[in-house]
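Please open the model in your viewer and keep the sequence panel beside it, since this tour moves from the whole chain to single side chains. At each stop, make the selection that is suggested and then compare the picture with the text.

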Amino acid sequence: MRNESEVIDVQAKGDEQAESLKTIGWVSYLLHLIVAVAAVVPGAQVGIGILLVALVIDLVKKSDAIGTWQASHFSWRIRSVLWAGVLYLVTSPLFLLLLLPGMIAWAVISIWFLYRIVKGMVRMNASQPMPD
């Protein structure tokens, strides 16, 4: 037979895990935001290393969030990075044709990436899952 202290301990542990996941999510979003802002601001490139750190964090911790509303945020960030990477690769030949089309394409991709990161941060702040 369980007493109330066992139930409280289990609940507290769940709250602790939820807060830990939220902290990890904020760290990841902030790393993504640094890269996204730098991609939009001319001459402010920070390198792919920060983005890779954020991606690895998301890939490693995603399984910890299974069954929570935060799982959708891990998937959202991973999909954002993967899609941006694919789009950058696909549009890179535009730089070979003329500089301007490549710059326009990459600016649009960078703004899209920034939008996704900000949208995710807003929804995380409201403790809401991301849409599928």
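Begin with the whole chain in cartoon view, and keep in mind that this is a predicted model. The chain holds five helices and zero strands, so that reading along the sequence gives the pattern α-α-α-α-α. Of the 132 residues in the chain, 30% count as buried. If you now switch on a surface display, the accessible surface comes to about 8400 Å², and 70% of this area belongs to carbon and sulfur atoms. Among the contacts in the chain with a separation of 6 or more, 65% are made by residues 24 or more positions apart.

Next, select residues 99-125, which make up helix α5. How many Å should the 27 residues of this helix span? At 1.5 Å a residue the expected span is 39 Å, and the C-alpha atoms at its two ends are indeed 39 Å apart, which agrees. Colour the buried residues of α5, which include Gly102, Ala105, Ile109, Phe113, Arg116 and Ile117. Just after α5, pause at Ser127, where phi is positive, at about 55°.

Stay with helix α5 and select Ser110, which lies within it. Is Ser110 buried or exposed? It counts as buried because its relative accessibility is 4%, and the cut-off for buried is under 20%. Leaving aside residues up to four places away in sequence, Ser110 touches Ala39, Val40 and Tyr88. If you draw a distance between the C-alpha atoms of Ser110 and Tyr88, you should find 9.1 Å, although these two residues are 22 residues apart in sequence.

The last stops are the salt bridges, of which the count comes to two. Show the side chains of Asp58 and Arg77, which meet in a salt bridge with an N to O distance of 2.9 Å. This pair links distant parts of the chain, for Asp58 belongs to helix α2 (residues 48-61) and Arg77 to helix α3 (residues 71-91), 19 residues apart. Both Asp58 and Arg77 are buried.

Finally, select Lys61 and Asp64, which form a salt bridge whose closest N and O atoms are 2.9 Å apart. Where Asp58 and Arg77 are buried, Asp64 counts as partly exposed because its relative accessibility is 32%, and Lys61 counts as partly exposed at 26%.

Methods: Residues are numbered from 1 along each chain as its sequence is written. This is a predicted model: local features need pLDDT of at least 70, side-chain atom pairs count only at pLDDT 80 or more; totals for chains, interfaces and linings use all residues. Side-chain values use heavy atoms; hydrogens and water are left out. A salt bridge is a side-chain nitrogen of Lys or Arg within 4 Å of a carboxyl oxygen of Asp or Glu. Helices (H or I, at least four residues) and strands (E, at least two) are DSSP runs, numbered from the N terminus. Buried means under 20% relative accessible area, exposed over 50%, partly exposed in between (1.4 Å probe, protein chains only). The expected span of a helix is 1.5 Å times one less than its number of residues. Contact means heavy atoms within 4.5 Å. Accessible areas come from the Shrake-Rupley method with a 1.4 Å probe; for residues, only the protein chains shown count as cover.
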